[in-house]
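Here are some short exercises to work through with the viewer open. Try each one yourself before you read the solution.

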Amino acid sequence: MASAVSAAPTPQDSVDIVGGTVAQAGDFPFIVSLQLNGAHFCGGSLLNSRTVITAAHCTVGQTASSLTVRAGSLNRNSGGTLVRVSSVTVHPSFSSSTLNNDVAIWKLATAIPTSSTISYAVLPASGSDPAAGTTTTVAGWGTLTEGGSSPTTLRKVDVPVISRATCRQNYSVSEITDNMFCAGLAAGGKDSCQGDSGGPIINASTRVLIGLVSWGNGCAQAGQPGVYARIGTLLSFINANLS
């Protein structure tokens, strides 16, 4: 997740899960660890055998030849399948200053088939907007506290969706665009954090991928919910880059 500093949103680039629990095998069979020169730095989700969705802010400035993706393991450092990346494509309207349209597609050099530990994420309907109060689950290998250490084992946390109107009161009208939604507890304590950026947030009941970890003001602070890229408004870009 990127962190917000003053007026500029801060990506949860190196954000971990705060207030969560260790994920179990099968909880997020589509999640992948995105690695730069062998080190985890963001999360992502498999959409098909050769396509990963992640945050644009994890992707800008990266060179495909330096990147790898680990799938099918709860441990970001070992196990599963490790493949190289052949290309990265950032949403053409992504803004690094506002983090609007915070989505990118990575293409893999080697296909990753489904298996007992790997499956592909399910996308939402076009235009869908997570309703306030909906329970969501977000997962990642990000830090356990703001500025803290990162675990090697995948973690997850449940957070309710907060209405866009409320989130705009928490931040500002201009910062929270229609291509974003917010989730968290009013009192704080549960959130995505640094290192979780680009990773999945799903509807806890339907398991549909509804968003990507994008940014926030710190991690798990009261009145400062996590902000997520809203996949329902970004599907035209995603679908155009699936094949």
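**Exercise 1. Which side chain does the side chain of N100 join in a polar contact of 3.2 Å?**

Before the solution, two notes on the ground rules. This is a predicted model, in which local features need pLDDT of at least 70, side-chain atom pairs count only at pLDDT 80 or more, and totals for chains, interfaces and linings use all residues. Residues are numbered from 1 along each chain as its sequence is written, and side-chain values use heavy atoms, with hydrogens and water left out.

Step 1. Find N100 in the loop between β8 (81-90) and β9 (104-108); strands here are DSSP runs of E with at least two residues, numbered from the N terminus.

Step 2. Look for a polar contact, that is, a pair of N or O atoms within 3.5 Å in which, within protein, one must be able to donate a hydrogen and the other to accept it; residues adjacent in sequence count only if both atoms are side-chain atoms. The partner is N179, whose side chain meets that of N100 at 3.2 Å.

Step 3. Widen the view to contacts (heavy atoms within 4.5 Å). Not counting residues up to four places away in sequence, N100 touches S93, F94, S95, T177, N179 and M180.

Step 4. Classify N100: it is buried because its relative accessibility is 16%, where buried means under 20% relative accessible area, exposed over 50% and partly exposed in between, with a 1.4 Å probe and protein chains only.

**Exercise 2. Trace the partners of strand β5 (residues 39-48).**

Step 1. Start with β4 (residues 31-36), which runs antiparallel to β5 and is joined to it by six bridges; two strands pair if DSSP finds at least two bridges between them. In this pairing, I31 stands opposite S45.

Step 2. Inspect the turn. Two residues separate β4 and β5 in their hairpin, and N37 in the turn has a positive phi of about 50 degrees.

Step 3. Move on to β6 (residues 51-54), which pairs with β5 in the antiparallel sense over three bridges. Here N48 faces T51, and a hairpin of two residues makes the connection.

Step 4. Check burial: eight of the 10 residues in β5 are buried.

**Exercise 3. Which backbone oxygens does the side chain of R70 reach?**

Step 1. Locate R70 in strand β7 (residues 67-71).

Step 2. Look at the polar atoms of its side chain. One lies 3.2 Å from the backbone oxygen of R76, and the side chain also reaches the backbone oxygen of G79 at 2.9 Å.

Step 3. List further contacts. Leaving aside neighbours within four places in sequence, R70 is in contact with residues including I31, V32, S33 and Q35.

Step 4. Classify R70: with a relative accessible area of 12%, R70 is buried.

**Exercise 4. What classes of residue line the largest pocket?**

Step 1. Collect the lining, which includes A25, F28, I31, S73 and L154. On a 1 Å grid over the protein atoms alone, a pocket is an open set of points with protein on both sides within 12 Å along at least five of seven lines, a cavity is a set where a 1.4 Å probe fits but cannot get out, and lining residues have an atom within 4 Å of a point.

Step 2. Sort them: six are nonpolar, five polar and none charged. Ala, Val, Leu, Ile, Met, Phe, Trp, Tyr, Cys and Pro count as nonpolar, Asp, Glu, Lys and Arg as charged, and the others, Gly among them, as polar.

Step 3. Read off the volume of about 150 Å³, the space filled by probe spheres set on grid points joined across faces, edges and corners.

How values were computed
Helix = DSSP H or I, 4+ residues; strand = E, 2+ residues; numbered from the N terminus.
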